[in-house]
There are 2 protein chains.
Amino acid sequence: MARLTPERIVTAAIAVIGEVGSEQFSVRKLGDALDADPTAIYRHFRSKDELLRAIGDRSLSGVADDLPTSSWRACIRELSIRIRAANLAQPALASLVRGAPPRHRNELLITETMLGQLRAAGFDAVTAAEAYHAVIELTIGSATIDSTLASMAASERDQNYVEWRSDYAALDAEAFPHSVAMAASLYPGTADDRFAFAIDRLLDGLAGQLVPRSP
Amino acid sequence: MARLTPERIVTAAIAVIGEVGSEQFSVRKLGDALDADPTAIYRHFRSKDELLRAIGDRSLSGVADDLPTSSWRACIRELSIRIRAANLAQPALASLVRGAPPRHRNELLITETMLGQLRAAGFDAVTAAEAYHAVIELTIGSATIDSTLASMAASERDQNYVEWRSDYAALDAEAFPHSVAMAASLYPGTADDRFAFAIDRLLDGLAGQLVPRSP
DNA sequence: CGATATTTGTCAACGGTGTTGACATCGTGC
DNA sequence: GCACGATGTCAACACCGTTGACAAATATCG
């Protein structure tokens, strides 16, 4: 019987990443966690990158389940919030999104769901595609920027915000008047709040593209 | 006289990245390009990460110069397009944006410019901060997603699009009806076009937050 | 100028990485 | 039972970022 399977490897890899962080994750550590020779992994994945993609897809499982059906906006909003959360929890997802189109199961499900919602909302094919790309870009960008912060404890995170704001406040007020004046207002709310604001404004703008003259 | 300076090192590093790509960039290759021992670099930068940040800031030079003054939307639009272009040309910028707030000169200049435009447009401090974060998130996300494609030749890139669309078209039409139906419409226009659409819709949404009852 | 102190470049080395090829072992189909 | 392919093991390759000890060059000061 095969002791190792792709599923077991991915599960163990997620556990290892949870312990040591995605930066320090290595094939050798994964081998140790599996009580197997590190190179045995290469019997199931062609490369570490392929393994990372599988990890990414795993962490997207369930993301498109039980979404709100009240409106296309509510559905896409919730979906993008979940995608962002999955990315924050699992930075390995980054390697899945880099340039390559969705090829794995859960990715395809996300695309299908979003395209379906946009079409049902009344967007024509090209605009729906553009809107889809826009939502994904914003979601990935937010996750990328917040990823370092998300891996910190809440208190440490707050401490960072305090420091950053005082850094801005300490700038040369002549060269950077607005930064200084707004120092206290920067990084408002939580990172989740800021993303909610951003996606809501994007959805506002997208809604404006809909049926300019029908009702 | 000091043969090596931070400026020379950064310049050489950008050249090396241009040749071998940012993935393959290493301190040893940089040392070769400088005709110096690789470890000499550590006399000028504490770590490779610090060097990457300096590279990032260098590639942002001029990004905030001569921006359109016709409207806040035109200004922010152009600025974000330039930031995205800089990120695509120089993937090392990614390490600059990950979680850390702007600390280098050009980054601070970008923040200052954008905050100033938003305040002048009439946004209150908190909303201006939220809008700033939203624009940056979308810009970084688009650059992240497009970075792999941007490093390819135009013909190769087109070839990729063709393949991806046919991948979608070949999906199971029962499980992924919208993906199949819209296969030909996916990845519309150029990546630049798609970003322009996205930033315009986000700016639409942000404009909707302005003075709901004044004029 | 000379002597001294600090900065800068060189070298060897450490501990780590992803990956490959040769070899042994195991489970399964004939 | 045997052969064969899939899987696990081991040693090794070619890299990587980084550090410490030492030499050369430069700056500082009497």
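What share of the contacts in chain A with a separation of 6 or more comes from residues 24 or more positions apart? In this predicted model, such pairs account for 62% of those contacts. The chain behind this figure has 10 helices and zero strands, and along the sequence its pattern reads α-α-α-α-α-α-α-α-α-α. Taken along the principal axes, the C-alpha atoms of chain A fill a box of roughly 60 × 50 × 25 Å. Chain A has 215 residues, of which 42% count as buried.

A convenient place to begin a tour is helix H10 of chain A, which covers residues 191–207. With 17 residues at 1.5 Å a residue, this helix should span 24 Å, and its end C-alpha atoms are indeed 24 Å apart, so the expected and computed spans agree. Many names appear on the list of buried residues in H10(A), among them A:Ala191, A:Phe195, A:Phe197, A:Ile199, A:Leu202 and A:Leu206. Arginines are on that list too, namely A:Arg194 and A:Arg201. The partners of these buried residues come from both chains: helix H4 (72–89) and helix H7 (125–150) of chain A, and helix H7 (125–150) and helix H10 (191–207) of chain B.

The packing leads on to the nonpolar core. In soluble globular proteins, nonpolar side chains tend to be buried together. Here the largest nonpolar core has 86 residues, and those that touch the most other members are A:Tyr132, A:Val135 and A:Leu202 along with B:Tyr132, B:Val135 and B:Leu202. At least two residues of this core are supplied by each of H4, H6, H7 and H10 in chain A, and by each of H4, H6, H7 and H10 in chain B. Beyond its neighbours within four places in sequence, A:Tyr132 is in contact with A:Met114, A:Leu115 and A:Leu118.

A contrasting setting is found at A:Ser61, in the loop between helix H3 (48–59) and H4 of chain A. A:Ser61 is exposed, because 12 other C-beta atoms lie within 10 Å, and a residue with 12 or fewer counts as exposed. Although A:Ser61 and A:Leu109 are 48 residues apart along the chain, their C-alpha atoms are separated by 9.5 Å.

Turning to the pair of chains, a rotation of 180° with 0.0 Å of shift along its axis superposes chain B on chain A, with an RMSD of 0.1 Å. The two copies are therefore related as by a two-fold rotation axis. Within chain B, the residue that comes closest to this axis is B:Gly141, whose C-alpha atom is at 1.6 Å. The contact between the chains takes 47 residues from chain A and 46 residues from chain B. On the chain B side, H6, H7, H9 and H10 each supply at least two residues, and H7(B) gives the most, with 18 residues. By class, that side divides into 23 nonpolar, 15 polar and eight charged residues. The copies meet through the same surface, because 100% of the interface residues of chain B are also interface residues in chain A.

Finally, there is the surface near DNA strand D. Of the 19 residues around this strand, A:Leu4, A:Thr39, B:Ser26, B:Ser47 and B:Lys48 come nearest. Helix H2 (27–33) and helix H3 (48–59) of chain B each contribute at least two residues to this surface, with the largest share, three residues, coming from H2(B). Its residues comprise eight nonpolar, four polar and seven charged.

Conventions:
Residues numbered from 1 in each chain as written. Chains lettered and ligands numbered in written order. Predicted model: local features only at pLDDT ≥ 70, side-chain atom pairs only at ≥ 80, totals over all residues. Near = placed C-beta within 6 Å. Helix = DSSP H or I, 4+ residues; strand = E, 2+ residues; numbered from the N terminus. Nonpolar A, V, L, I, M, F, W, Y, C, P; charged D, E, K, R; others polar. Least-squares fit on C-alpha atoms with pLDDT ≥ 70 in both. Contact = placed C-beta atoms within 7 Å. Expected span 1.5 Å × (residues − 1). Buried ≥ 20, exposed ≤ 12 C-beta atoms within 10 Å, placed from the backbone. Core = buried A, V, L, I, M, F, W, Y, C linked by C-beta atoms within 7 Å.
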